[in-house]
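Colleague: Please take me through the enclosed spaces in this model and the charged contacts around them. I would like one connected account.

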Amino acid sequence: MKKHVILAAFSVILCIKSYSQIAFENGYFINESNQKINCLIRNIDWRSNPKGFEYKLSQNEAIQKATIQTVKEFGINGISKYIRAKVNIDRSSDEINSMSPDKNPNFQEETLFLKVLIEGKASLFLYIDNNLTRLFYKLNDSEISQLVYKKYLINDNIAQNDFFRQQLFMDLKCQEITLNDIKNINYEKKEIKRIFIKYNKCTNSSYITFEPTQKKDFFNLSLRPGLNYNNLTIQNTTSGSTNIDFGSKKNFRFGIETEFILPYNKNKWTIILEPTFQYFKSEKTIEVTYVSDGIIVSKVNYWSIGIPVGIRRYFFINTKSKISVNVSYIFDFSNSSNIKLSRSDGSIFRLLDIKPKGNLSLGIGYKLMDKYSIEMRYQTNRKILGDYLLWKSDYKTFSMIFGYSLF
């Protein structure tokens, strides 16, 4: 039954996936006739520079596609801007197995959408294609040029062509920019942006930065109380077999979840870590033929700290609510937990120490205003008698978890 609930819930997620993933935001594009068209652009927070995009002329219009062949420029208001440019780009690999022995860049002419980082007297652009990152720049109305940085092999050692530093020093001349500002700078967007901003300020030139301020919080911390619905059965596989079903129990659980936000794809992916306290107590009396009085009283006392480590994916419904799916591997730590098998007179003839193995969990949830959440979570079978070859165990958990984010 619990499996069916989880499968049904995942089906609901898949049905709304297409809706929740498509976030159309106010933007524009400029076509081949230099006409600016205001529209709604699907913002998928491109990690690699796009070759096209989807848009709607209004909320109720059909989705259309635009490509680099038909669009000179496009942008999402207050978030990003891309321009079409014919540039010389060096695609030399940084992978050692594919690294060139040539120090000089191997330029080839391509037409690309470049992401505008800074627009002003000195403009800076970014191009990413999977693992390839290139920065471009221009001054006033000059042509767009690549800032040159290349790794290459010399005598089986890796060397670097850092010509971009010379480009910056020669082209961005300003009393506020010194040789010390340039000589140790890395080929990184953040560091080079600072030089362009300093130059525009130094020359009293107006400029625009197009990247929005990123979310400053890199993790969320949440309190996660809830209820576990547990079921345990054990079986001895010897000739005098013992099968004990401890039945289903409803128990309290409490966790503290740390959610690490991955800084791409609009914060839709997170890594989760949730130390959680849980327990299971039950007693069962069964009749057998291999003890003197024919009665076994079995008691289980199992408590543990489980640490699920996993990944979560959010699907935004609107600006205030979102649905999530997650998968985790649970490391379970237990001490002084056991299963006692006793005769009717109370004498113990078998004491089984509980040593749980890890298992997987699948969860789906809903979060409101980045503060309140609810989640259903199903765990695969956990072997809690892992140190005993002749004993099998089947411990399953279905959880209803409520969350409150502290920050």
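Modeller: What follows covers the cavities, then the salt bridges, then a pocket and the disulfide.

The model is predicted. The search finds two cavities of 30 Å³ or more. The largest has a volume of about 140 Å³. It is lined by 15 residues. Closest to its centre are Asn228, Thr276, Gln278, Gln379 and Arg382. Several strands each supply at least two lining residues, among them S14 (219–236), S17 (276–287) and S18 (295–316). S19 (321–333), S23 (372–382) and S24 (391–405) do so as well. By class, this lining has three nonpolar, eight polar and four charged residues.

The second largest cavity holds about 110 Å³ of space. Its lining comprises 14 residues, and Arg224, Arg312, Tyr314, Lys367 and Ser373 are the closest to its centre. Two or more lining residues come from each of S14, S15 (242–261), S18, S22 (359–368) and S23. Here the split is three nonpolar, five polar and six charged residues.

Now the charges. Arg224, Arg312 and Lys367, among the residues closest to the centre of the second largest cavity, also belong to a network of salt bridges. The other members of the network are Arg253, Glu257, Glu259, Glu274, Glu375 and Arg377.

The structure as a whole holds 20 salt bridges. One of them joins Asp370 to Lys322, with the closest N and O atoms 2.7 Å apart. Asp370 sits in the loop between S22 and S23, while Lys322 is in S19, so this contact ties together parts 48 residues apart in sequence. The two partners differ in exposure. Lys322 is buried because its relative accessibility is 10%, under the 20% cut-off. Asp370, at 45%, counts as partly exposed.

Two further salt bridges involve strands with lower numbers. Arg84 meets Glu32 at 2.7 Å, N to O. Arg84 is in S6 (residues 80–90) and Glu32 in the loop between S1 (24–31) and S2 (36–42), so the pair ties together parts 52 residues apart in sequence. Arg84 is partly exposed at 25%, and Glu32 is partly exposed at 42%. Arg91 meets Asp129 at 3.1 Å, N to O. Arg91 lies in the loop between S6 and S7 (107–119), Asp129 in S8 (residues 122–129), and 38 residues separate them. Arg91 has 28% relative accessibility and counts as partly exposed. Asp129 is also partly exposed, at 28%.

An open space can be set beside the cavities. The second largest pocket has a volume of about 310 Å³. Of its 14 lining residues, Asp94, Asn131, Leu132, Thr133 and Arg134 are the closest to its centre. S9 (residues 132–139) gives the most to this lining, with three residues. The lining divides into three nonpolar, five polar and six charged residues.

Last, the covalent link. One disulfide is found in the whole structure. It joins Cys174 and Cys202, with sulfur atoms 1.5 Å apart. The link is right-handed, with 110° about the S-S bond. Cys174 lies in the loop between H2 (163–171) and H3 (179–183), and Cys202 in H4 (residues 189–202), so the pair ties together parts 28 residues apart in sequence. Cys174 is buried at 12%. Cys202 is partly exposed at 22%.

Key
Residues numbered from 1 in each chain as written. Predicted model: local features only at pLDDT ≥ 70, side-chain atom pairs only at ≥ 80, totals over all residues. Heavy atoms only, no water. 1 Å grid on protein atoms, 1.4 Å probe; cavity = no way out; pocket = protein on both sides within 12 Å on 5 of 7 lines; lining within 4 Å. Points joined across faces, edges and corners; volume = space filled by probe spheres on them. Helix = DSSP H or I, 4+ residues; strand = E, 2+ residues; numbered from the N terminus. Nonpolar A, V, L, I, M, F, W, Y, C, P; charged D, E, K, R; others polar. Disulfide = S-S within 2.5 Å. Buried < 20%, exposed > 50% of the residue type's maximum accessible area, 1.4 Å probe, protein only. Salt bridge = Lys/Arg side-chain N within 4 Å of Asp/Glu carboxyl O.
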